[in-house]
Amino acid sequence: MSDDLVNPLAPYERWMFSALEQARRAMEIDEVPIGAVIVHQDEIIGEGYNQRETLSDPTAHAEMIAITQAAQALGDWRLAGCTLYVTLEPCPMCAGAIVQARMPRVIFGTTDPKAGACTTLYRITDDPRLNHRCAVLGGVLQEECKGLLKQFFVQQRSRGKK
């Protein structure tokens, strides 16, 4: 029996592992461990991890960094034919950027009950009032993605950080 039939999320796991590697890079520098990669024609053309504290930039989310790199790689702000893989469901800012970039697909690891803007709190990426919508799939390597975030915040609390 094919792995795809046993685990329908298996085709997406390869790229989510790459996003998790990016998230681990964030954790190494004491940033919230969220990572993202953008894939085009079976190749990563953009990658990023959270750097808000490092850069003192509220927009330095993993997705935003990956989107900028992908647009530069393609030489176009339209990211048609691309898929974003991100360890945490995008926030409203990132979901808006995804729509603006005309990205057709978003695959995320775990939902964000406090700021999720694809399926949890808002549905920006498939809002029919906007000029672009994209397909969204969550739950790819969910336990790994959720576990990394949980580990980070346990460490932060043990150090007395908020």
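Which pattern does the chain follow, read along the sequence? These exercises work through that and more. The model is predicted; local features need pLDDT of at least 70, side-chain atom pairs count only at pLDDT 80 or more, and totals for chains, interfaces and linings use all residues. Residues are numbered from 1 along each chain as its sequence is written, and side-chain values use heavy atoms, with hydrogens and water left out.

**Exercise 1. Describe the fold and overall dimensions of the chain.**

Step 1. Read the elements in order. The pattern is α-α-β-β-α-α-β-α-β-β-α. Helices (H or I, at least four residues) and strands (E, at least two) are DSSP runs, numbered from the N terminus.

Step 2. Count them. The chain has six helices and five strands.

Step 3. Check compactness. The radius of gyration is 15 Å, close to the 15 Å that the globule rule gives for 162 residues, so the chain is as compact as a globular protein of that length. This radius is taken over C-alpha atoms, and the globule rule is 2.2 Å times the number of residues to the power 0.38.

Step 4. Give the extent. The C-alpha trace spans about 45 × 45 × 30 Å along its principal axes.

Step 5. Look at burial. Of the 162 residues, 43% are buried. Buried means under 20% relative accessible area, exposed over 50%, and partly exposed in between (1.4 Å probe, protein chains only).

Step 6. Look at contacts (heavy atoms within 4.5 Å). Among contacts with a separation of 6 or more, 58% join residues 24 or more positions apart.

**Exercise 2. Map the largest nonpolar core.**

Step 1. Recall the background. In soluble globular proteins, nonpolar side chains tend to be buried together. A nonpolar core is a set of buried Ala, Val, Leu, Ile, Met, Phe, Trp, Tyr and Cys residues joined through side-chain atoms within 4.5 Å.

Step 2. Find the central members. The largest core has 23 residues, and I38, I67, L79, L84, I98 and M103 touch the most other members.

Step 3. Trace the elements. Those giving two or more residues are β1 (35-40), α4 (62-74), β3 (82-88), α5 (92-100) and β4 (105-110). The largest share, five residues, comes from α4.

Step 4. Note the other core. Apart from this one lies a core of 15 residues, among them W15, A19, M27 and V39.

Step 5. Follow one member. Neighbours within four places in sequence aside, I98 is in contact with I67, L84, P90, M103, V106, T125, H132 and C134.

**Exercise 3. Locate the annotated sites.**

Step 1. Start with the record. An unreviewed UniProt entry annotates H61, C91 and C94 as "binding site". It also annotates E63 as "active site". UniProt positions are given in the numbering used here, feature names are shortened, and annotations may be inferred rather than shown by experiment.

Step 2. Compare sequence with space. The three "binding site" residues are spread over 34 residues of sequence, yet they cluster, with a largest C-alpha distance of 9.3 Å.

Step 3. Place H61. H61 lies in the loop between α3 (52-55) and α4. H61 is buried, at 12% relative accessible area. Beyond four places in sequence, H61 is in contact with N50, R52, C91, M93 and C94.

Step 4. Place C94. C94 is found in helix α5. Its relative accessible area is 0%, so C94 is buried. C94 touches H61, E63 and M64, not counting residues up to four places away.

Step 5. Place E63. E63 lies in helix α4. At 3% relative accessibility, E63 counts as buried. Its contacts, neighbours within four places in sequence aside, are A36, L84, V86, L88, P90, C91 and C94.

**Exercise 4. Is R133 buried, partly exposed or exposed?**

Step 1. Find R133. R133 lies in the loop between β4 and β5 (135-138).

Step 2. Apply the cut-offs. The relative accessible area is 41%, so R133 is partly exposed.

Step 3. List the partners. R133 touches T125, D126, D127 and P128, not counting residues up to four places away in sequence.

Step 4. Relate R133 to V99. The two are 34 residues apart in sequence and 6.4 Å apart in space, C-alpha to C-alpha.
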